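I pulled up this model to go through its cross-links and side-chain pairings. My notes follow in the order I looked things up.

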Amino acid sequence: MHRSAKRLASLLTCAAVPVLLVAGCSGSDSDSSGDASASAASSSAAKPSPSVAPAKFKKLPNPCEAFSKDTVKKMLPKAKDTSGERGTSTDNSAHGTCSWSSSDENGVDGTQFRWLDIGYQRYDSDPGVGSGEKRATDFYTKQVIEAKDTKSAKKLEAVKTSGTGDEATAITYDVKKEGNDFKNTTIVARTSNIVVTINYNGAGLAGADTPKGDDLLKKAQAAAKEAVTAAAKANT
């Protein structure tokens, strides 16, 4: 019986060894996992939050005051209202539009029609989508593409316009509407985080001569420079 008790004690000791080994291994894995989690948390905390440069311009000018009175009169000799018609906007600091029209009637010689509109779009910086300047650049590119894709446009040309903000493109083309030949000029300009889009077109109605495209282009380019300057002045 003494030998049986001694043998039983020996077996119990041997059986306990694997259990202790497993427990030891298990404790080692737990410590390793804890260290890894702590390291990952530390790395995440050390990672800086994304940041973008602040937008340069915070305001927009009144779009109906983007051009001088003299400019409006030159572009629209018989404007119905030189002060323009301002479009509605839910945020005047981010978006603004204004339009003018002119009908210069000359009896049997027909009528000279002119149309002018301007649109301002301003972008703030947003860490999620980029800086105000980048967002404006993307919108500028989109506006130029849309102007080039005008339906039924003929003789379309696009040229860079120097001295107008950071970048500017003038798109000219002809379109026939209700039997009348219209000369169109669209200028898209960007100054930092603001994009300016100007549409200027004209036609000779009721037998009047069709206006010269080059003349409309020059006037629109001069107006675009004024519009860009107005954007800068609004933020001084």
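**Entry 1: the disulfide**

I began with Cys64 and Cys98, where the torsion about the S-S bond is about 100°, so the disulfide is right-handed. I should jot down that this is a predicted model. The bond joins distant parts of the chain: Cys64 sits in the loop between helix H1 (2-46) and helix H2 (69-75), while Cys98 belongs to strand S2 (residues 95-105). That puts the two cysteines 34 residues apart. I checked the sulfur atoms and got 2.1 Å between them. How many disulfides does the structure hold? I count 1. I also asked whether Cys64 and Cys98 are buried or exposed. Cys64 is buried, and Cys98 is buried as well.

**Entry 2: the whole chain**

Next I stepped back to the overall layout. I find 4 helices and 7 strands in the protein chain. Going along the sequence, I read the pattern as α-α-β-β-β-α-β-β-β-β-α. The chain has 236 residues, and 36% of them are buried. I then looked up the contacts between residues at least 6 apart in sequence, and 57% of those join residues at least 24 apart. For the accessible surface I have about 14,300 Å², with 52% of that belonging to carbon and sulfur atoms.

**Entry 3: salt bridges**

My count of salt bridges is 8. I went through three pairs by hand.

Glu133 pairs with Arg190, and their closest N and O atoms are 3.6 Å apart. This one spans distant parts of the chain, since I find Glu133 in helix H3 (residues 132-148) and Arg190 in strand S6 (residues 180-191), 57 residues apart. Which of the two partners is buried? I get a relative accessible area of 7% for Arg190, so this arginine counts as buried, the cut-off being under 20%. Glu133 has 40% relative accessibility and counts as partly exposed.

Lys176 and Asp181 also meet in a salt bridge, at 2.8 Å from N to O. Lys176 comes out as exposed because its relative accessibility is 57%, and the line for exposed is over 50%. I have Asp181 down as partly exposed at 38%.

The third pair is Asp215 with Lys219, whose closest N and O atoms are 3.5 Å apart. Both residues are in helix H4 (residues 213-233) and lie 4 residues apart, so about one helical turn separates them. I note Asp215 as partly exposed, with a relative accessible area of 36%. Lys219 is partly exposed too, at 26%. Right after this I looked for bridges that share partners, and I found Glu133, Asp166, Glu167 and Arg190 joined into one network.

**Entry 4: aromatic pairs**

I find 3 aromatic pairs in the structure. What is the arrangement of Phe67 and Trp100? Their ring centres are 5.5 Å apart and their planes meet at 50°, so I call the pair tilted. Phe67 lies in the loop between H1 and H2 and Trp100 in strand S2, so the pair ties together parts that are 33 residues apart in sequence. I went back to my first entry here: the disulfide likewise runs from the loop between H1 and H2, at Cys64, to strand S2, at Cys98. As for burial, Phe67 is buried at 6% relative accessible area, and Trp100 is buried at 2%.

Phe113 and Phe182 make up another aromatic pair, this one edge-to-face, with 6.2 Å centre to centre and 75° between the planes. These two also link distant parts of the chain: I place Phe113 in strand S3 (residues 111-122) and Phe182 in strand S6, 69 residues apart. Phe113 is buried, as is Phe182.

**Entry 5: a charge over a ring**

Last, I looked around Phe182 once more. What sits over the ring of Phe182? I find the charged end of Lys177 there, 5.3 Å from the ring centre. So that I keep the picture together: Phe182 has Phe113 as its edge-to-face partner and the charged end of Lys177 over its ring.

Note on methods
Residues are numbered from 1 along each chain as its sequence is written. This is a predicted model: local features need pLDDT of at least 70, side-chain atom pairs count only at pLDDT 80 or more; totals for chains, interfaces and linings use all residues. Side-chain values use heavy atoms; hydrogens and water are left out. A disulfide is a pair of cysteine sulfur atoms within 2.5 Å. Buried means under 20% relative accessible area, exposed over 50%, partly exposed in between (1.4 Å probe, protein chains only). Contact means heavy atoms within 4.5 Å. Accessible areas come from the Shrake-Rupley method with a 1.4 Å probe; for residues, only the protein chains shown count as cover. A salt bridge is a side-chain nitrogen of Lys or Arg within 4 Å of a carboxyl oxygen of Asp or Glu. Rings of Phe, Tyr and Trp (its six-membered ring) pair if their centres lie within 6.5 Å; planes under 30 degrees apart count as stacked, over 60 as edge-to-face and the rest as tilted. A charge sits over a ring if NZ of Lys or CZ of Arg is within 6 Å of the ring centre and within 35 degrees of the ring normal.
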